[in-house]
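Please give me a guided tour of this structure. I have it open in a viewer, so tell me what to select next and what is there.

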Amino acid sequence: MVTKTPVGSMLLSILIPVYNEYAFVRNSILAILEAPLPENVEREIVVVDDGSTDGTREVLAELEASHPEIRLIQHTTNQGKGAAIRTAIESMQGDIAIFQDADLEYDPGDYTRVIRPILEGRADVVYGSRFAYSEERRVLFYHHMLGNLFLTHLSNMFTGLNLTDMESCYKAFRASLLKSIPIRSNGFGIEPEITAKIAKRDCIVYEVPITYRGRSYDEGKKITWKDGVVAFFVILKYWLLDDCYEERYGHEVLVAMSKTRRFSRWIADLTQPHLGRRVLELGSGIGNMSRHLCGARRFIASDIDPVYLNLLQNQFAGRDNVEVVKLDVTSSEDFTALQGQEI
């Protein structure tokens, strides 16, 4: 299962890309500062000003000076939402991260609802859906909604997920997972890109209803039909590409091998006659062989990479005969922790 976040030493990183939001940004940040959080959960607010020229930068500097929870990072030129989020991820220090726009469309009062499945150890990622049942939503832009639903359904077709709102701003992640996902899109393409990558990573994804107060273009809404066209091609691109891990030794080979299940099954069939009822696998990686060998009465899958360990925990959740452990063959401490167990 996914790792439960230890309540008591919990930090929520709120990642905010900002570009020319002078009219809204002060009230937005103040609402984020005042939003209720679960007990013993603290917040840090990582704001990336993405080259604003309308006075937003000065407002943000003033807020940073008066609120220690805020950390402001500045781009000299406008690069796009994806680039700003990427910068914020590099700087964040929390256990859980959530994306937040700098306008007032999304209600920070929903934070507890969105992060709860991660806190309780049930999810790696949680999407806040504007189209799932919620108590209220602003009625606006039917054709914009159709565009969102079309892109969501298209994304679902290629990822195998059954989301109702892929384009939602509110996406929460275990921070260690988010840091391990390469983000290439500089603009709004970040939404379908990251969705495709968490699907290929076999993350456990939940969706919860959220409150939504959409704003009009006269009020400063920036996303347009052109961004929808970009999203369409991003969905196709990351369906074809397996660019879902930051560079780490052997990951490309492991991903390639995951597609050769018949070969892995053949290797397992050759190996199994020589195995007992209790098996310890060293260096399980992403589970290419583990899935074929886990029928042993007791099976321990091990690795040293926390990304792979979490993936293995998700893959074997609910199996009483399977345990996933960190095991470095050069560490006597790791082997000592296994002493006394029935291997």
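Start by selecting A88, which is found in helix α3 (residues 81–91). This is a predicted model. Is A88 buried or exposed? A88 has a relative accessibility of 1%, under the 20% limit, so it counts as buried.

Now show what surrounds A88. Which residues does A88 touch, leaving aside its neighbours within four places in sequence? They are L15, V46 and V48. Add V47 to the selection. The C-alpha atoms of A88 and V47 lie 7.0 Å apart, although 41 residues separate the two in sequence.

Next, select strand β2, residues 41–50. Nine of its 10 residues are buried, so the rest of the structure largely encloses β2. While you look along the strand, recall a general point. In a regular strand, side chains alternate between the two faces of the sheet.

β2 has a partner in β1, residues 10–18. The two strands pair in the parallel sense, over nine bridges. To check the register, pick L12 and find R43 of β2 opposite. Then bring in helix α1, residues 25–34. β1, α1 and β2 together make a β-α-β unit, and the unit is right-handed.

Move on to strand β3, residues 70–75. Here too β2 pairs in the parallel sense, with six bridges to β3. Which residue of β3 is the bridge partner of D50? Select H75. Now colour helix α2, residues 56–66. With β2 before it and β3 after it, α2 completes a right-handed β-α-β unit.

Leave the strands and go to helix α8, residues 225–240. Select W239, which is found in this helix. W239 is partly exposed, at 44% relative accessible area. Extend the selection to L240 and L241 and turn on the surface. With W239 they form a nonpolar patch there. The three residues together have about 330 Å² of accessible area.

Finally, zoom out to the whole chain. How many helices and strands does the chain hold? There are 13 helices and 10 strands. Of the 343 residues, 50% are buried. Switch to a contact map if your viewer has one. Among contacts between residues at least 6 apart in sequence, 75% join residues at least 24 apart. End with the surface of the full chain. About 16,600 Å² is exposed, and carbon and sulfur atoms supply 54% of that area.

Conventions: Residues numbered from 1 in each chain as written. Predicted model: local features only at pLDDT ≥ 70, side-chain atom pairs only at ≥ 80, totals over all residues. Heavy atoms only, no water. Helix = DSSP H or I, 4+ residues; strand = E, 2+ residues; numbered from the N terminus. Buried < 20%, exposed > 50% of the residue type's maximum accessible area, 1.4 Å probe, protein only. Contact = heavy atoms within 4.5 Å. Areas by Shrake-Rupley, 256 points an atom, 1.4 Å probe, with all protein chains shown as cover. Pairing = 2+ DSSP bridges. Right-handed = clockwise from strand over helix to strand, strands pointing away. Patch = residues over 30% accessible without salt bridge, like charges linked within 9 Å, V, L, I, M, F, W, Y side chains within 5 Å. Salt bridge = Lys/Arg side-chain N within 4 Å of Asp/Glu carboxyl O.
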